[in-house]
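Colleague: Before we go through the details, could you show me the model, so that I can put my questions with the coordinates open?

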There are 2 protein chains.
Amino acid sequence: MFEITPTTRLRKSPFFNSTVKAGVKGFQPYNNMLMPTGYGDPDAEYWRLLNGVSQWDVAVERQVELKGPDAAQLAQILSPRDLTKCVPQQGKYVALCDHRGTIINDPILLKLDEDRFWFSIADSNILFWARAVAAERGLNVEVCEPDVSPMAVQGPKAEDVIASIFGDWVRELKYFWFKETEINGIPVAVARSGWSKQGGFELYLMDGSRGDELWSLVEEAGKPWGIGPGNPNTTERIESGLLSWGGDTDDFTNPFEVRMEKYVDLDVPDDVVGIQALRRIADEGPKRHQLGIVMEGEALTAAHGQLHDIMQDGEKVGDVTCGIWSRRMEKNIGFALVSRKCSAGETVSVMKNGNNVAATLVELPFY
Amino acid sequence: MFEITPTTRLRKSPFFNSTVKAGVKGFQPYNNMLMPTGYGDPDAEYWRLLNGVSQWDVAVERQVELKGPDAAQLAQILSPRDLTKCVPQQGKYVALCDHRGTIINDPILLKLDEDRFWFSIADSNILFWARAVAAERGLNVEVCEPDVSPMAVQGPKAEDVIASIFGDWVRELKYFWFKETEINGIPVAVARSGWSKQGGFELYLMDGSRGDELWSLVEEAGKPWGIGPGNPNTTERIESGLLSWGGDTDDFTNPFEVRMEKYVDLDVPDDVVGIQALRRIADEGPKRHQLGIVMEGEALTAAHGQLHDIMQDGEKVGDVTCGIWSRRMEKNIGFALVSRKCSAGETVSVMKNGNNVAATLVELPFY
């Protein structure tokens, strides 16, 4: 553990002061901003997400806005998923790919209007990417990063908290759908989404000067349900089988290797970036797939942090891409990106610091 | 100050263990890796760079390699600087721009061969950018991140240290030129370069498994000259007027605003990304320019960290983009990105936490 401080190159979130007040202990850089990684009580933070309601600063999920006459065309060109039926106030999970069919981000696409879209992105530079493709194709579209910063409210009691603030209409929101509204004059888009499988919402703050105000408002409203601070929870996301782009993927990972085939439509137009490569990969069959892995040995005390080789019959067959002690299973679990020759149920070994750790491949998700 | 740890998304450098052994105290994220920011004695680290020799882990300066029949064409398309006279083993400082003429990175371009180049990059994703442009233009070139990790040896005694390791030929190397060689079987490119104005070299390690070995070798060789650990030094780089891309630049900064006009050749071919915009900006005249700023008030104890408004006659005229206590001047200094209406010698005020701080604009560099 080492020290880190915000700078002009590593920006603060609009909720930064609130998270400091709430006792944040560490950060991870993400899209050149600081994302909280914990508030000092991992057990309480985990069970609060599973049984109650948790409030997260996820302003690092930056929005890349496409705006103008060709915005819809650009959104489709960048997304190998059929968007023709997507309507305003609807969101869709998409796998942005490069021309080789490699996943370069897995954002939520939010359609605000026929000529305005946001990619709510994972940790890679899609602003430059979208601008390069738009300009090279001569499209009439502006690509920018608007003043929009998501806060997540996650957990089984999140709906009650959000309904108490915005009204019962939020209970009718379908997954990934959203509505632009305001609270105390603070402009927000309320979406049913979030990087956990415990249910919840994301509030897209559309005025960065009012972050602490929105944080307090949610904190106050959530008190009857015991709300407390949290952040994207490594244990829960691994148990739930949620992908971390850039962690569980590498410079050669395609969507078929990491359980994203249902988000790829091979019949999108030929001008969609990467679609030719994806059709070829689908045809030939991908070489790797993503499974769960259960590992022996002492409890992992923090996020596993580094790749480890997976061996079978004296041969490297893949990598452990994440690992953690599961509080629910009381076992070490992780994701394995392995050769298609390997199947769930098989035993393997994991090389850690020169030692062999016995492990079993299993289906994902764990829950 | 908060905690940070390496993960699969935030990679360690090949020199990581050596820097931990040397007592590294903090890191900054940079290109999804950890860059050391200090070893606990800022005074000694500063004066060692100015008067002696300092050893830096700058593996975060990732290389984006262009390789293949169209590599030279792509290098030129991405760089608004005439590269026709660049020869193998020569490097050039370039301002990569997007189609609007905005600087998106300021790397050193190293020409390894007629069909192989590296961009040794600042903190933004040029891998995706170069791949997008190459693929959209149908160029026959592979764009990848090779296993190359620079270590810098900086300071007036750096040449003696590097010569003692590699031989006296290094004394003849011209600025930004380099040579591929090896030491104890470790493949390295030795370049006269580095992000300070105290002179020095960068060793581009070409085998990530041998980082600690190369670190020890330089540490041992440097002992007679009192070598010690350091890192890109905020105080020295501000005093020396060196640009920090992403800190001193924003999403609208063009090369003419930040003293980079000498690296832009307006007569490069029309297919160079951004050249039309740059010609237009040159023609109309840029709206801002970069000056130094000397600020009153108590000594800034660490990197200034955040943008502050610069006011003149009750109007915002620009931003302070970096600031630090200068050990040589014994004053608070920084960079000002201000309207062309403002000139060196004028007094302004800087808004800091609601207070007005008196300040004077000056020419750059300070030294």
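Colleague: What length does helix 6 of chain B reach from its first C-alpha to its last?

Modeller: Helices (H or I, at least four residues) and strands (E, at least two) are DSSP runs, numbered from the N terminus, and helix 6 of chain B covers residues 211–222, which makes 12 residues. The expected span is 1.5 Å times one less than the number of residues, and for helix 6 of chain B this gives 16 Å. The helix comes close to that expectation, reaching 17 Å.

Colleague: On what basis should I read such values, and how are residues and chains labelled?

Modeller: This is a predicted model, in which local features need pLDDT of at least 70 and side-chain atom pairs count only at pLDDT 80 or more, while totals for chains, interfaces and linings use all residues. Residues are numbered from 1 along each chain as its sequence is written, and chains are lettered from A and ligands numbered from 1 in the order in which they are written.

Colleague: Why do the buried residues of helix 6 of chain B lie on the same side, and what arc do they cover?

Modeller: A residue is buried if 20 or more other C-beta atoms lie within 10 Å of its own, exposed if 12 or fewer, and partly exposed in between, with C-beta atoms placed from the backbone. In helix 6 of chain B, the buried residues are B:Gly211, B:Leu214, B:Trp215, B:Val218 and B:Gly222. Taking the directions from the helix axis to the C-beta atoms, they are on the same side of helix 6 of chain B because they cover an arc of only 100 degrees.

Colleague: Which residues are exposed on the other side of helix 6 of chain B?

Modeller: Contact means that the C-beta atoms of two residues, placed from the backbone, lie within 7 Å, and the cover over the buried residues of helix 6 of chain B includes helix 1 (16–21), helix 5 (158–166) and strand 12 (149–154) of chain B. On the other side of the helix, the exposed residues are B:Ser216 and B:Glu220.

Colleague: In what order do the five strands of the open sheet in chain B stand?

Modeller: Strands pair if DSSP finds at least two bridges between them, and strand 5 (residues 63–67) of chain B is joined to strand 10 (residues 116–120) of chain B by five bridges in an antiparallel arrangement, with B:Leu66 opposite B:Phe117. Strand 6 (90–93) and strand 11 (142–144) of chain B are edge strands with a single partner strand each, so one side of each is left without a neighbour in the sheet. The pairing in this sheet is antiparallel, and the order is 6-9-10-5-11.

Colleague: At about what angle does helix 3 of chain B run to strand 5 of chain B?

Modeller: Angles run from 0 to 180 degrees between N-to-C directions, and axes are lines fitted to C-alpha atoms, for helices over the stretch in contact. Helix 3 (residues 71–78) of chain B lies across strand 5, strand 9 and strand 10 of chain B, and its angle to strand 5 of chain B is about 130 degrees.

Colleague: Is B:Asp106 buried or exposed?

Modeller: B:Asp106 sits in the loop between strand 8 (103–105) and strand 9 (108–113) of chain B, and among the residues that it touches are B:Tyr93, B:Leu243 and B:Trp245. As 24 C-beta neighbours lie inside 10 Å, B:Asp106 is buried.

Colleague: How does B:Asp313 count, as buried or exposed?

Modeller: B:Asp313, in the loop between strand 18 (308–312) and strand 19 (315–326) of chain B, has a positive phi near 50 degrees, although B:Asp313 is a residue other than glycine. With 7 other C-beta atoms within 10 Å, B:Asp313 is exposed.

Colleague: Which element gives the largest share of the side of chain B that touches chain A?

Modeller: The contact takes 39 residues from chain B and 39 residues from chain A. Strand 1 (2–4), strand 2 (26–30), helix 4 (126–136) and strand 19 of chain B each give two or more residues to the side of chain B that touches chain A. The largest share, seven residues, comes from helix 4 of chain B.

Colleague: Which residue in strand 1 of chain B is the bridge partner of A:Phe2?

Modeller: Strand 1 (residues 2–4) of chain A and strand 1 of chain B run antiparallel and are joined by three bridges. In strand 1 of chain B, the partner of A:Phe2 is B:Ile4.

How values were computed:
Lists of a residue's contacts leave out its neighbours within four places in sequence.
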